[in-house]
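Please look over the chain shown below before reading on. The report that follows starts with its overall plan and then turns to charged pairs and to one aromatic residue.

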Amino acid sequence: METREAIIGSYNHSITLTERKNLLITGVKKIENFDNEEFLLETTMGYLVIKGEGLELIKLDTVSGNVSIKGLVTAFS
């Protein structure tokens with residue numbers, strides 16, 4: 001049986017933002033920190049910071065490394 005890291009490592013990293021309100025990110029290894037203004041994620045391609053207003057974690061799938069966030073997204077870095 002594959003480890004969690006091997007399963008997540010086999011997924012591509014992608015970001016899908018719809019109308020700056022709904023965000024789907026794949027290839028997430030770990031959520032380091034989050035609140036309603038900022039998310040810090042470790043992805044298969046490095047760290048990603050998402051900034052916005054009223055950000056809310058909607059779905060976290062730790063097996064496949066998918067994260068869904070709702071709220072007004074203003075910046076990525």
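Read from start to end, the chain follows the pattern α-β-β-β-β-β-β, with one helix and six strands, where helices (H or I, at least four residues) and strands (E, at least two) are DSSP runs, numbered from the N terminus. This is a predicted model, in which local features need pLDDT of at least 70 and side-chain atom pairs count only at pLDDT 80 or more, while totals for chains, interfaces and linings use all residues. Residues are numbered from 1 along each chain as its sequence is written, and side-chain values use heavy atoms, with hydrogens and water left out.

Of the 77 residues, 27% count as buried; buried means under 20% relative accessible area, exposed over 50%, and partly exposed in between (1.4 Å probe, protein chains only).

Side chains of opposite charge can pair when their charged atoms come close. The chain has three salt bridges, each a side-chain nitrogen of Lys or Arg within 4 Å of a carboxyl oxygen of Asp or Glu.

| Salt bridge | Closest N to O |
|---|---|
| Lys21 and Glu19 | 3.7 Å |
| Glu32 and Lys30 | 3.6 Å |
| Glu38 and Lys51 | 3.9 Å |

The pair of Glu38 and Lys51 links distant parts of the chain, with Glu38 in strand β4 (residues 38–43) and Lys51 in strand β5 (residues 46–61), 13 residues apart.

Phe76 is found in strand β6 (residues 66–76) and is partly exposed, at a relative accessible area of 36%. Not counting residues up to four places away in sequence, Phe76 touches Ile15, Leu17, Leu23, Leu48, Val49 and Ile50, where contact means heavy atoms within 4.5 Å.
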